[in-house]
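Biologist: Before we use labels such as "buried" or "compact", I want the reasoning behind each one. Please show me the model.

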Amino acid sequence: MLPESNQVFKALEMSDLLGRIKPSKMDKYKQVEEFLRLLIPTLNDAIQAGHVRKPTVESPLRIVDLGCGHAYLTFGAHQYLQAAEIPVSVTGIDVRTSARDRNNAIAASLGIEKTISF
């Protein structure tokens, strides 16, 4: 769903300098991929059923990840939806200041801090 070489995997230290997922992070990569496989069809079904409004630039889809931790799924969903040209605003919540600080620094390094925050 997202190529191994996607910048987010490098920023999350999941991939090496050549853009290949590290063996120690392969399970996490598979988890992100499975989540993303389910995300778009579920979102489309919810929009068609009238449970979720169609996202627009003026009123983007708002996603909140409670207990985001290292935010693998949070960043993955953000990148995938942006690549699909679905306007999105993502907020990750974690009680640990260190997790929030780390994730905000990663968002800033990717230049996406305006559409994702922790």
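Modeller: Start with a cut-off: buried means under 20% relative accessible area, and exposed means over 50%. Keep in mind that this is a predicted model.

Biologist: Why is N6 called buried?

Modeller: N6 has 15% relative accessibility. The cut-off is under 20%, so N6 counts as buried.

Biologist: Where in the chain is N6 found?

Modeller: N6 is in the segment before helix 1, which spans 7-11.

Biologist: How do you know that the side chain of N6 has a polar atom in polar contact with the backbone nitrogen of V8?

Modeller: The two atoms lie 2.8 Å apart. A polar contact needs a pair of N or O atoms within 3.5 Å. The distance therefore falls inside that limit.

Biologist: What is the pattern of helices and strands along the sequence?

Modeller: The protein chain reads α-α-β-α-β-α-β. That gives four helices and three strands.

Biologist: What makes the protein chain as compact as a globular protein of its length?

Modeller: Its radius of gyration is 14 Å. The globule rule gives 13 Å for 118 residues. The two values are close, so the protein chain is as compact as a globular protein of that length. Its C-alpha atoms fill a box of roughly 40 × 30 × 25 Å along the principal axes.

Biologist: How many of the 118 residues are buried, as a percentage?

Modeller: Buried residues make up 38%.

Biologist: What share of the exposed area do carbon and sulfur atoms supply?

Modeller: They supply 55% of about 6,900 Å².

Definitions and conventions. Residues numbered from 1 in each chain as written. Predicted model: local features only at pLDDT ≥ 70, side-chain atom pairs only at ≥ 80, totals over all residues. Heavy atoms only, no water. Helix = DSSP H or I, 4+ residues; strand = E, 2+ residues; numbered from the N terminus. Rg over C-alpha atoms; globule rule 2.2 N^0.38 Å. Buried < 20%, exposed > 50% of the residue type's maximum accessible area, 1.4 Å probe, protein only. Areas by Shrake-Rupley, 256 points an atom, 1.4 Å probe, with all protein chains shown as cover. Polar contact = N/O pair within 3.5 Å; in protein donor to acceptor, adjacent residues only side chain to side chain.
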